[in-house]
Amino acid sequence: MIEIPLTQGQVALIDNTDWDLVTQYEWCASLDANGTTYYAQSEVRGKSVLMHRLLLNTPKGAKTDHKDHNGCNNRRDNIRICSV
């Protein structure tokens, strides 16, 4: 497991195998609309992208779920694509 420092005192967690993909971008902490959960966010080719969606290559219309409800825990065993 690797910790990726974010803004606002937050840290994203990733698997070692995702290091090369994640370190291509600068990441910040982004608070959700409810003001309760932080997510790792970056600009990729001019678009705002959440780290968990980048890692899973989540298709449009699908959601990515964090099993432990920690939006910064982007380890593969904690995130999954879902339809809800």
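Which residues is Asn73 in contact with, leaving aside its neighbours within four places in sequence? They are Leu13, His66, Asp68, Asn78 and Ile79. The model described here is predicted. The points below cover Asn73, a three-stranded sheet, Asp18, and two residues with positive phi values.

**Asn73**
- Asn73 sits in the loop that runs between β6 (63-66) and β7 (79-82).
- With a relative accessible area of 2%, Asn73 is buried, because buried means under 20%.
- One of the residues in contact with Asn73 is Asp68, and the side chains of Asn73 and Asp68 make a polar contact at 2.7 Å.

**The sheet β3-β4-β5**
- An open sheet is formed by 3 strands in the order β3-β4-β5, with antiparallel pairing.
- β3 (28-31) and β5 (47-50) are at the edges of this sheet, and each has a single partner strand, so one side of each is left without a neighbour in the sheet.
- From one strand to the next, the twist averages 50 degrees.
- Strand β4 (residues 38-44) and β5 run antiparallel and are joined by 4 bridges.
- Across from Gln41 stands Leu50 in β5.

**Asp18**
- Asp18 belongs to the loop between β2 (11-14) and α1 (19-22).
- The relative accessibility of Asp18 is 4%, so this residue counts as buried, the cut-off being under 20%.
- Not counting residues up to four places away in sequence, Asp18 touches Leu55 and Arg76.
- Asp18 and Ile2 are 16 residues apart along the chain, and their C-alpha atoms are separated by 9.0 Å.

**Positive phi values**
- Most residues other than glycine have a negative phi.
- Gln8, a residue other than glycine, has a positive phi, near 55 degrees.
- The place of Gln8 is the loop between β1 (2-5) and β2.
- Asn57 is also a residue other than glycine with a positive phi, in this case near 50 degrees.
- Asn57 is found in the loop between α2 (51-56) and β6.
- Is Asn57 buried or exposed? Asn57 is exposed, because its relative accessible area is 65% and exposed means over 50%.

Note on methods. Residues are numbered from 1 along each chain as its sequence is written. This is a predicted model: local features need pLDDT of at least 70, side-chain atom pairs count only at pLDDT 80 or more; totals for chains, interfaces and linings use all residues. Side-chain values use heavy atoms; hydrogens and water are left out. Buried means under 20% relative accessible area, exposed over 50%, partly exposed in between (1.4 Å probe, protein chains only). A polar contact is a pair of N or O atoms within 3.5 Å; within protein, one must be able to donate a hydrogen and the other to accept it, and residues adjacent in sequence count only if both atoms are side-chain atoms. Contact means heavy atoms within 4.5 Å. Two strands pair if DSSP finds at least two bridges between them. Axes are lines fitted to C-alpha atoms, for helices over the stretch in contact, and angles run from 0 to 180 degrees between N-to-C directions.
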